[in-house]
Amino acid sequence: MSEHADKPQVRIGTGPESIRVIKTALGDGLLPDTYVSDGALVHMETVSGGLPSVAADEDSPLPVSASPLNPAVLAGLLAEHAHVYRTKTRKDEHGQLVTYEEETTPSREVLASALAGKTWPKLPPLRGIIGAPVLRRDGTLLQQPGYDPATGLYLASKVALPPVPEAPTPEQVAKARSFLLDRFLSDFPWAGPADRANYIALLATPILRHFTRSLTPFALIDATMPSSGKTILTAGPGMLYGQRIIPWAYADEELRKSITAVLAEQVGVVIWDNLAEGTVIDSAILAQLVTTGVWSDRQLGASRTLATVNDRLWMATGNNLQVGGDMASRTVRVHLDPNMPRPEQRDQAKFGIPHLDQWITVPRNQLTVLWHLLVLVLDWTRQGAPRVAGVSMRQFTPWAQYLGGFLAHHGIDGFLTNAGSVREIDEDETRWRAFLTTWHERHGGRPMTAADLRKDAEPTQLGGVEDDAWDGQFIVTGTGRLPNPLQLGRLLTGQAGRWRGEHVVRAGKSERGDRAVFWVEQHHG
């Protein structure tokens with residue numbers, strides 16, 4: 001009996017025949033743990049050498065990876081899982097021709113040709129890899145490790161989770177609520193109820209992402225002081241669903257490249273950790289990212305464009321961060337304020353969970369957090385997953401209504417009620433509001449050309465001392481300099497009709513009709 005008798009037998013011949021045979025065998029499921037993703041074959045494999053426990057501010061990858069099949073990978077898999085052979089002939093000792101089997105590895109050209117197609121109708125589609133259970137669109141919990149045909153997701157749990165009951169008992173629900181609110185989250189210096197509620201919503205977001213079928217806003221976790229617990233909060237969802245820590249890029253082009261690169265990795269949470277104090281998060285690229293379901297960009301080092309489903313939770317941490325531009329309406333803020341000079345010296349013995357930064361890195365403790373969170377989610381879905389009506393958050397309204405309903409079901413108040421504080425840290429909003437207010441105080445509603453307005457911004461000399469009548473409130477360019485008349489005209493045109501607090505820029509033509517003029521109106525409500 002052949003040593004390969006227990007393996008699938010694949011007989012190949014000439015080049016064209018070998019291509020057809022290999023392609024047919026692959027399409028019929030020759031290789032285990034092989035799926036099709038965006039028309040290409042991938043093989044699921046365990047990643048060796050991963051650390052069982054990492055710090056809260058380090059990468060925490062998932063334990064498996066979907067490796068694209070290329071000729072080299074396919075050659076290795078065929079050698080491991082199949083007996084690929086050719087039939088050959090030779091003369092025996094009597095001079096008679098006899099046939100025999102010779103194990104072989106198909107040529108690189110044959111393997112590449114077999115993989116070249118994009119149509120694999122018999123193979124299961126892989127939609128993504130997840131590191132912890134998620135709610136399916138029908139409200140059931142995907143919690144069995146491995147491939148899930150109903151969703152096309154592959155569950156590669158970071159922690160071994162016992163089955164979660166589809167219908168938790170009242171005692172289990174009460175215990176879960178007590179653990180999360182009275183122990184796990186009890187000692188963070190939340191600036192207000194909204195910050196705690198917003199964080200719980202973010203913690204549950206990876207679980208509910210497929211159920212809500214909604215875009216997810218950007219998450220900003222900042223504090224007034226270092227050592228307030230920001231990194232521990234990001235580690236909550238990050239370590240459960242796989243996290244990648246990437247450096248903040250201050251140039252949009254570099255930011256775009258880093259986003260494209262990280263979307264190719266198998267993680268559920270991406271974190272820009274510990275941004276410089278006072279950093280202004282104002283990026284057209286980031287605004288585009290959080291409002292698009294599919295991220296398209298040119299593949300690095302190649303000429304083709306890749307399209308990737310944007311199913312990550314994007315987070316940033318830092319001290320006294322600001323937002324600008326369109327990011328203010330696309331950001332959920334969690335703000336911590338210890339209100340003391342040295343937060344790291346707080347008495348850990350009095351905490352619900354002492355040394356939480358170390359505790360959260362232990363897999364069994366991550367399991368504890370996840371278990372109780374899933375119990376609360378399933379208790380909510382058992383009641384029909386009620387949503388909160390009347391909540392609106394632009395493209396994120398379904399997310400806000402579902403998560404608001406989840407929090408309301410468990411009596412957690414304050415969700416999104418700190419939206420005003422996000423506007424207050426909107427650096428762009430603040431600059432324009434001050435500029436328009438000062439402009440109206442100086443000139444009322446009088447139409448002015450950009451050149452006249454810019455001339456008014458020039459400081460005057462009084463007794464040898466420079467006097468700025470605008471008191472530093474005149475709008476500046478991105479480099480911090482006063483704009484020239486042409487730049488100012490463009491800035492004002494771009495702001496026409498947009499209210500900044502109680503004031504709005506209006507644009508029109510001069511009485512002669514040959515020049516653009518601008519003026520400020522004040523709301524009297």
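User: What radius of gyration does the protein have, and what would a compact globule of 525 residues have?

Analyst: In this predicted model, the protein has a radius of gyration of 30 Å, whereas a compact globule of 525 residues would have one near 24 Å. The spans of the C-alpha trace along its principal axes can be set beside that value, and they are about 120 × 65 × 45 Å.

User: How do you know what share of the residues counts as buried?

Analyst: A residue is called buried when its relative accessible area is under 20%, and residues of that kind make up 47% of the 525 in the protein. As for the surface, the protein exposes about 25,400 Å², of which carbon and sulfur atoms supply 50%.

User: What makes two residues a contact, and how many contacts join residues at least 24 apart?

Analyst: Two residues are in contact when heavy atoms lie within 4.5 Å; among such contacts between residues at least 6 apart in sequence, 72% join residues at least 24 apart.

User: Why are β23 and β25 said to stand at the edges?

Analyst: The three strands form an open sheet in the order β23-β24-β25, with antiparallel pairing. Because β23 (499-500) and β25 (516-522) each have a single partner strand, one side of each is left without a neighbour in the sheet.

User: How do you know that β23 and β24 count as a pair?

Analyst: Strands pair if at least two bridges are found between them, and two bridges join β23 to β24 (residues 503-509), so the condition is met for these antiparallel strands. Within this part of the sheet, Arg500 stands opposite His503 in β24.

Key. Residues numbered from 1 in each chain as written. Predicted model: local features only at pLDDT ≥ 70, side-chain atom pairs only at ≥ 80, totals over all residues. Heavy atoms only, no water. Rg over C-alpha atoms; globule rule 2.2 N^0.38 Å. Buried < 20%, exposed > 50% of the residue type's maximum accessible area, 1.4 Å probe, protein only. Areas by Shrake-Rupley, 256 points an atom, 1.4 Å probe, with all protein chains shown as cover. Helix = DSSP H or I, 4+ residues; strand = E, 2+ residues; numbered from the N terminus.
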